[in-house]
Amino acid sequence: MAVQTFRDGEERLISIIGDEDTVTGFLLAGVGDCDRRKNMTNFLMVDKNTQLSAIEAAFKSFSTRSDIAIILINQHIAEDIRYLLNDYHKTIPTVLEIPSKDFGYDTNKDPVFKRVKQQLGETD
């Protein structure tokens with residue numbers, strides 16, 4: 001299990017919302033966590049049959065859990081819940097959009113990349 005330890009001594013997880021290949025890769029790298037007592041995991045594997053409501057519920061759950069530090073989400077999935085991401089302003093858990101092997105990555109859609117460009121004084 002991959003965790004981050006913060007200055008307060010708390011350990012926090014990395015969560016992921018992604019396609020099968022992305023989630024499988026992160027699970028193999030040790031990011032997965034399953035709490036059987038609470039019936040909770042820190043990942044959601046999205047495929048063509050996954051309902052939008054399940055993606056929304058996973059994001060809302062991960063973004064309110066105190067044991068999660070980072071939410072990784074494939075950019076093409078983030079586009080489906082962009083309205084939630086645009087309304088999300090907390091620092092922790094941090095939301096990072098990542099590429100998928102099956103979908104191109106557009107830096108112009110990535111809010112973190114946009115903020116970096118803005119801080120550097122670059123304009124589109």
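Which residue forms a salt bridge with K101, and how far apart are the closest N and O atoms? Some notes follow; bear in mind that this is a predicted model.

1. The partner is D21: its salt bridge with K101 has the closest N and O atoms 3.2 Å apart. This pair links distant parts of the chain, 80 residues apart, with K101 in the loop between β7 (94–98) and α5 (111–119) and D21 in helix α1 (residues 20–28). As for solvent, K101 is exposed at a relative accessible area of 67%, while D21 is partly exposed at 40%.

2. That pair belongs to a short list, since a search of the whole structure turns up four salt bridges. One of them is between the side chains of R65 and D67, at 2.9 Å from N to O. R65 counts as buried, with 11% relative accessibility. D67 counts as partly exposed, with 26%.

3. Next, E79 and R82. Their salt bridge puts the closest N and O atoms 2.6 Å apart. If you follow the shared partners, salt bridges join E79, R82 and E97 into one network. R82 is buried at a relative accessible area of 14%, whereas E79 is partly exposed at 31%.

4. D19 is the residue I'd look at on screen. You'll find D19 in the loop between β2 and α1. D19 is buried yet has no salt bridge. Side chains of opposite charge can pair when their charged atoms come close. For D19, the nearest side chain of opposite charge is K101, and that is 8.2 Å away. A salt bridge needs the nitrogen within 4 Å of the carboxyl oxygen, so D19 and K101 don't qualify. K101 does form a salt bridge, but with D21.

5. So what does the D19 side chain contact instead? There is a polar contact with the side chain of T22, at 2.7 Å. Leaving out residues up to four places away in sequence, D19 touches M45, V46, N74, H76, I77 and S100. M45 in that list also turns up in the strand pairing, as the bridge partner of G18 in β5.

6. On to the strand before that loop. Is β2 largely enclosed or not, and why? Seven of the eight residues of β2 (residues 11–18) are buried, so the strand is largely enclosed by the rest of the structure. Strand β6 (residues 68–74) runs parallel to β2, and five bridges join the two. Within that pairing, I16 has L72 of β6 as its bridge partner. Strand β5 (residues 43–45) is parallel to β2 as well, joined to it by three bridges.

7. Last, T91, for a look at another loop. T91 sits in the loop between α4 (82–86) and β7. With a relative accessible area of 63%, T91 is exposed, because that value is over the 50% cut-off. The C-alpha atoms of T91 and A78 are separated by 17 Å, and the two residues are 13 apart along the chain.

8. To pull the charged residues together: D19 is buried without a salt bridge, whereas R65 is buried and has D67 as its salt-bridge partner. R82 is likewise buried, and its salt bridge is with E79. K101, by contrast, is exposed, and its salt bridge reaches D21 in helix α1.

Key. Residues numbered from 1 in each chain as written. Predicted model: local features only at pLDDT ≥ 70, side-chain atom pairs only at ≥ 80, totals over all residues. Heavy atoms only, no water. Buried < 20%, exposed > 50% of the residue type's maximum accessible area, 1.4 Å probe, protein only. Helix = DSSP H or I, 4+ residues; strand = E, 2+ residues; numbered from the N terminus. Pairing = 2+ DSSP bridges. Lys, Arg positive; Asp, Glu negative; His and termini not counted. Polar contact = N/O pair within 3.5 Å; in protein donor to acceptor, adjacent residues only side chain to side chain. Contact = heavy atoms within 4.5 Å.
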